[in-house]
Amino acid sequence: MLKTKAGAVSKPLSNGDGPDKGVRTGDCVSRYKSLFSALDDLAYVCDANGSIIYMNDSAMKFAGSGAEELLGKGFLSLVDGKAADEVEKAFGEALKGGCATSEFLFNSTGVLCESRNMPLMDGYGAVIGIIGIGRDINDLKRAGLEETVRERTVELEEANARLEEEIAT
């Protein structure tokens, strides 16, 4: 297990095809560590099976666990069951070489996140895992809901005024 200056941790895991694959996965992850550790948003890397190889400090905070509990664990086990299919679909798209966005709730903290998943490729261009970068969208959802409530309140006030006018005449 490796610890970065910022405290985020990673554990190179083998992808299953011989000893050099695990090293290649570890090398790929190490390229992104300094960038990921500087982010306030969550960042994670999973192997091709969806097991967590790396999580930055923000991701560990959103997940509500430390590195020892998270590394090697399946990412889908961290998300609310309702969103698991959407996350799994986004992971599948990334493993095919594409990019996909998913929205999910972390089970243990209730943090609602939007995450963009993309392929993690080795030096030969083979997809060997998933890189995810996301953010907490609780405040955005609340702001959207508050705006909807304001709009509906205005509509109800206008409808009430029309009704009062009709009753008065």
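Strands, as named in these legends, are DSSP runs of E of at least two residues, numbered from the N terminus. The model shown in every view is a predicted one.

**View 1. Surroundings of S102 in strand β5.** S102 belongs to β5, the strand formed by residues 100-105. Because residues under 20% relative accessible area are classed as buried, S102, with a relative accessibility of 1%, counts as buried. Leaving out residues up to four places away in sequence, S102 touches E86, V87 and A90, together with C113, E114, S115 and N117.

**View 2. Pairing of β5, β6 and β7.** Strand β5 is joined by 6 bridges to β6 (residues 112-121), and the two run antiparallel; in this pairing F104 stands opposite C113 of β6. The hairpin that β5 and β6 form has 6 residues between its strands, and G110 in this hairpin takes a positive phi near 75°. Strand β6 also pairs with β7 (residues 127-136) in the antiparallel sense, over 9 bridges, with E114 opposite R135 of β7. In the hairpin of β6 and β7, where 5 residues lie between the strands, G125 has a positive phi near 85°.

**View 3. Buried and exposed faces of helix α4.** The 15 residues of α4 should span 21 Å at 1.5 Å a residue, and this agrees with the 21 Å that separates its end C-alpha atoms. The buried residues A83, A84, V87, A90, F91 and A94 lie in α4; because they cover an arc of only 135° around the axis, they are placed on the same side of α4. The face turned away from this buried side carries K82, D85 and K89, which are exposed. Among the elements that cover the buried residues of α4 are β3, β5, β6 and β7. Just after α4, G97 takes a positive phi of about 100°.

**View 4. Nonpolar cores.** The largest nonpolar core has 25 residues, of which I52, M55, F75, L78, F104 and F106 touch the most other members. At least two residues of this core come from each of β3 (42-47), β4 (52-55), α2 (57-63), α3 (67-70) and α4 (81-95), and α4 gives the most, with 5 residues. L78, when its neighbours within four places in sequence are set aside, is in contact with I52, M55, A63, L70, K73, L105, F106 and N107. A second core, separate from the largest one, has 8 residues, including A43, V45, Y54 and I131. In soluble globular proteins, nonpolar side chains tend to be buried together.

Terms used: Residues are numbered from 1 along each chain as its sequence is written. This is a predicted model: local features need pLDDT of at least 70, side-chain atom pairs count only at pLDDT 80 or more; totals for chains, interfaces and linings use all residues. Side-chain values use heavy atoms; hydrogens and water are left out. Helices (H or I, at least four residues) and strands (E, at least two) are DSSP runs, numbered from the N terminus. Buried means under 20% relative accessible area, exposed over 50%, partly exposed in between (1.4 Å probe, protein chains only). Contact means heavy atoms within 4.5 Å. Two strands pair if DSSP finds at least two bridges between them. A nonpolar core is a set of buried Ala, Val, Leu, Ile, Met, Phe, Trp, Tyr and Cys residues joined through side-chain atoms within 4.5 Å. The expected span of a helix is 1.5 Å times one less than its number of residues. The arc is that of the directions from the helix axis to the C-beta atoms.
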